[in-house]
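Colleague: I'm new to this structure. Could you walk me through how to read a few of its features?

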Amino acid sequence: MHIDHWLETVPAVSVYLLVGVVIGLESLGIPLPGEIILVSASLLAASQDHINPYILGASAIAGAVIGDSIGYLIGHKGGQPLLTWLGRKFPKHFSAEHVANAERYFQKWGMWAVFVGRFIALLRIFAGPLAGCLRMPYWKFLIANVLGGIVWAGGTTAVIYSVGKVAEDWLKRFSWLGLVAALLFGLGSMLVMKRRAKKSHAAAPEAGSEAEVASGAGPGTAEPNRVPAAD
């Protein structure tokens, strides 16, 4: 069976559900390749008429907004104990230095931290739980969450779908090359994410040392992170 005929047998609803669930779980705080799934599904929609790009985009937006909101609620209920637990389980991402930096980032940028975080792989995973732990008012979080979800998920779907339609004849003729290209794009994104994570982890101790010097505190006198009180 030619791959085009096989792709035509893939139920559209399963694609919508896969995109919504994966992006939702990623937004909730579980490291999953949501962006790769969305790009691949958008390319598939460009070559398969039975997959509606509008429904696909709506599924991605719903997953992003709902997942982030659940992550916020978990973080809001868990508070400081949740940060402590995450620090033990994921020291590279939730170390004391990273949490302190995130707290300063959220206090400085507020809603923009949630909105912009939607476009950055690591922040996309942790923005919801951290916003809840740091007691950002929910109405502010919700506005930034919805706008970020619409622009990121809807925009990604529209752009990739448009590019796919422009190259539709090429994709139909060499559909396996299109899938290989999507796979290579996904692998490249993962490598870039991993590289950025390593750089961020390496830079965190330097930022902590500078903060200690500025405050006049020694290495052993750093205060534990405090979560602001709820409004």
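Modeller: Let's take a salt bridge, then two helices.

Modeller: First, this is a predicted model, where local features need pLDDT of at least 70, side-chain atom pairs count only at pLDDT 80 or more, and totals for chains, interfaces and linings use all residues. Residues are numbered from 1 along each chain as its sequence is written, and side-chain values use heavy atoms, with hydrogens and water left out.

Colleague: Which residue forms a salt bridge with aspartate 68?

Modeller: Side chains of opposite charge can pair when their charged atoms come close. The rule asks for a side-chain nitrogen of Lys or Arg within 4 Å of a carboxyl oxygen of Asp or Glu. Here aspartate 68 pairs with arginine 118, their closest N and O atoms being 3.0 Å apart. The two sit 50 residues apart, with aspartate 68 in helix 4 (residues 53-89) and arginine 118 in the loop between helix 6 and helix 7 (121-133).

Colleague: Are aspartate 68 and arginine 118 buried or exposed?

Modeller: Buried means under 20% relative accessible area, exposed over 50%, and partly exposed in between (1.4 Å probe, protein chains only). Both aspartate 68 and arginine 118 are buried.

Colleague: How many residues of helix 3 are buried?

Modeller: Helices are DSSP runs (H or I, at least four residues), numbered from the N terminus. In helix 3, 10 of the 14 residues are buried, so the rest of the structure largely encloses it. Among them are Gly34, Ile36 and Leu38.

Colleague: And where does isoleucine 150 lie?

Modeller: Isoleucine 150 belongs to helix 8 and is partly exposed, at a relative accessible area of 42%. Buried residues of helix 8 include Phe141, Gly149 and Trp152.
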